[in-house]
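I am opening a notebook on this structure. The entries below follow the order in which I looked things up.

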Amino acid sequence: MEIEEKSFPSAWTMDFFRHEIYNPLSHFLVATLGKTVVGYIVFWVITDESHVANLAVHPDYRRQNIGDIILKFAIHFSRSKGARLITLEVNEKNIAAIALYGKNEFKQVGKRIKYYENRDDAFILTRSL
Ligand SMILES: CC(C)(COP(=O)(O)OP(=O)(O)OC[C@H]1O[C@@H](n2cnc3c(N)ncnc32)[C@H](O)[C@@H]1OP(=O)(O)O)[C@@H](O)C(=O)NCCC(=O)NCCS
């Protein structure tokens, strides 16, 4: 929750995380350094599509390749479960995340207008698996 609240203006609540844990389509990966949780990714694999629902790295541990490692894990895991496409939404102003996804061969296929609570637009990105 600390990472989530430090990472997003409209953070997922504890209840939302609990609900996700019981969603059979939802997969969680937590990155740890020793006993410290430093990041996580949540993604859904639904038949032949995967969707990244959440990804964050603790601000003190960013730029150490952790986001890249957990995103690559989600890509490989989704492929191994039969997904052929991975999708996500990203705030159009989120330079760091857009660069991370670009480095991992995601391409912009659309835009959701005023997608976020603060009315920012989202880019829809996808990558074939
Ligand atoms: C986006 C986020 C997960 C990246 O995590 P990270 O562990 O810092 O990223 P990495 O160190 O693995 O960086 C991998 C690549 O992402 C890009 N990147 C990461 N941070 C960046 C930044 N601040 N500015 C520009 N590019 C950045 C770079 O291409 C980088 O590759 P490089 O180091 O070879 O240049 C992290 O900044 C974060 O948690 N942000 C807040 C939450 C968020 O926006 N989540 C995504 C929602 S869609």
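Which residue in strand 6 is the bridge partner of Leu88? I looked it up in the model, which is predicted. The partner is Leu125.

**Entry 1: strand 4 and its partners**

I stayed with that pair of strands. Strand 4 and strand 6, residues 122-128, pair in the antiparallel sense. I find 7 bridges between them.

Next I checked the side chains along strand 4, residues 85-91. They alternate. Ile86, Leu88 and Val90 point to one face and are buried. Leu85, Thr87, Glu89 and Asn91 point to the other face and are not buried.

Then I looked at the pairing with strand 3. Strand 3 and strand 4 run in the parallel sense, with 3 bridges. Ser50 of this pairing stands opposite Ile86 in strand 4. I traced the connection as well: the chain leaves strand 3, passes through helix 3 and arrives at strand 4. This β-α-β crossover is right-handed.

**Entry 2: Asn91**

I picked one residue from strand 4, Asn91. Is Asn91 buried or partly exposed? I count 17 C-beta neighbours inside 10 Å, and 20 or more are needed for buried, so Asn91 is partly exposed.

I then listed its contacts, leaving aside neighbours within four places in sequence. Asn91 touches Tyr116, Asp120 and Ala122. For Tyr116 I also took the C-alpha separation from Asn91, which is 7.8 Å. The two residues are 25 apart along the chain.

**Entry 3: the hairpin**

I moved to strand 1, residues 26-33, and strand 2. They pair in the antiparallel sense over 8 bridges. His27 has Phe43 in strand 2 as its bridge partner. The two strands form a hairpin with 2 residues between them. I checked the turn: Gly34 has a positive phi of about 65°.

**Entry 4: the core**

How many residues are in the largest nonpolar core? I get 21. Those with the most contacts inside this core are Ile41, Phe43, Val52, Leu55, Leu71, Ala74 and Leu125. Strand 2 (36-46), strand 3, helix 3, strand 4 and strand 6 each give two or more residues to the core. The largest share comes from strand 2, with 5 residues. In soluble globular proteins, nonpolar side chains tend to be buried together.

I took Leu55 as one example. Beyond its neighbours within four places in sequence, Leu55 is in contact with Ile41, Gly67, Ile70 and Leu71.

**Entry 5: Ile69**

I stopped at Ile69 in helix 3. It has 14 other C-beta atoms within 10 Å, so I log Ile69 as partly exposed. I also noted Ala31, which is 38 residues away from Ile69 along the chain. Their C-alpha atoms are separated by 8.9 Å.

**Entry 6: the ligand shell**

Which residues come nearest to the ligand? I list Arg62, Gly67, Asp68, Ala96 and Leu100, out of 19 residues around the ligand. Strand 3 (49-57), helix 3 (66-80) and helix 4 (95-103) each give two or more residues to this shell. Helix 4 gives the largest share, 6 residues.

I sorted the shell by class last. It has 10 nonpolar, 5 polar and 4 charged residues.

Technical notes: Residues numbered from 1 in each chain as written. Predicted model: local features only at pLDDT ≥ 70, side-chain atom pairs only at ≥ 80, totals over all residues. Near = placed C-beta within 6 Å. Helix = DSSP H or I, 4+ residues; strand = E, 2+ residues; numbered from the N terminus. Nonpolar A, V, L, I, M, F, W, Y, C, P; charged D, E, K, R; others polar. Buried ≥ 20, exposed ≤ 12 C-beta atoms within 10 Å, placed from the backbone. Pairing = 2+ DSSP bridges. Right-handed = clockwise from strand over helix to strand, strands pointing away. Core = buried A, V, L, I, M, F, W, Y, C linked by C-beta atoms within 7 Å. Contact = placed C-beta atoms within 7 Å.
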